[in-house]
Amino acid sequence: MEIKSLINEDLIELNLVAVTQKEVISQLTSLLAKQGRIDSESVFFQGVLEREAEFTTGFGNGFAIPHCKSDTVKTASIIVGKTTNEIDWNSLDDKPVTFIIMLAIPAVEGDTTHLQILAALSGKLMDDEFRDQLMSATQPKQVLELMDELVTQKSN
């Protein structure tokens, strides 16, 4: 799996100004729509919210991994956002979130791509050093390099 097909600098926003979980999801969905990676912004947004309603994607340690498998997704994508303030996300550790890694997966790839990326991400987010590096990234290029390491590591 090539990281360049999943994420690029335009899918990374390290200065998100949002106060709610919905605002964060909406802004990240916008980045996806601007690149033509989804057919419908509203369908995707609703899909992410429905997934959140099933079980929180607030991973803990300030991270959330919202995701959606949908027919509206044309290209499997990773969208990254870092907020300028803490967002209540109903996280597993009951702490707010500031770093969001959203996954957009075409429905037909739901059992393959989705699970591979999610497994790689959640495993790597257990690593304090990796989390610290992501949190301290100030440029999209730094995030891309870390994500590339994640995908490369997973496929080896």
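**Exercise 1. Find the strands that pair with E6 and state the direction of each pairing.**

Solution. Helices (H or I, at least four residues) and strands (E, at least two) are DSSP runs, numbered from the N terminus, and two strands pair if DSSP finds at least two bridges between them.

Step 1. Strand E3 (residues 63-64) runs parallel to E6 and is joined to E6 by 2 bridges; Ala64 has Ile100 as its bridge partner in E6.

Step 2. Strand E4 (residues 67-70) is also parallel to E6, with 4 bridges. Here Cys68 is partnered by Ala104 of E6.

Step 3. Strand E5 (residues 77-87) runs antiparallel to E6 through 7 bridges, and Val80 stands opposite Ile101.

The model is predicted: local features need pLDDT of at least 70, side-chain atom pairs count only at pLDDT 80 or more, and totals for chains, interfaces and linings use all residues. Residues are numbered from 1 along each chain as its sequence is written, and side-chain values use heavy atoms, with hydrogens and water left out.

**Exercise 2. Determine how many residues of strand E6 are buried and what E6 gives to the largest nonpolar core.**

Solution. Buried means under 20% relative accessible area, exposed over 50%, partly exposed in between (1.4 Å probe, protein chains only).

Step 1. In E6 (residues 97-106), 10 of the 10 residues are buried, so the strand is largely enclosed by the rest of the structure.

Step 2. A nonpolar core is a set of buried Ala, Val, Leu, Ile, Met, Phe, Trp, Tyr and Cys residues joined through side-chain atoms within 4.5 Å. The largest has 48 residues, of which Phe44, Val80, Ile101, Leu103 and Leu134 touch the most other members. E6 gives the most to this core, with 8 residues.

Step 3. Leaving aside residues up to four places away in sequence, Phe44 has contacts (heavy atoms within 4.5 Å) that include Met102, Leu103 and Ala104.

**Exercise 3. Describe which residues of helix H5 are buried and which are exposed.**

Solution. Step 1. In H5 (residues 128-136), the buried residues are Phe130, Arg131 and Leu134. They cover an arc of only 100 degrees around the axis (from the directions to the C-beta atoms), so they lie on the same side of H5.

Step 2. Glu129 and Asp132 are exposed on the other side of H5.

**Exercise 4. Locate Asn90 and Asp94 and give the phi of each.**

Solution. Step 1. Asn90 lies in the loop between E5 and E6, as does Asp94.

Step 2. Neither is a glycine, yet phi is positive: about 55 degrees for Asn90 and near 60 degrees for Asp94.

Step 3. Asn90 is exposed, with a relative accessible area of 56%; Asp94 is exposed at 68%.
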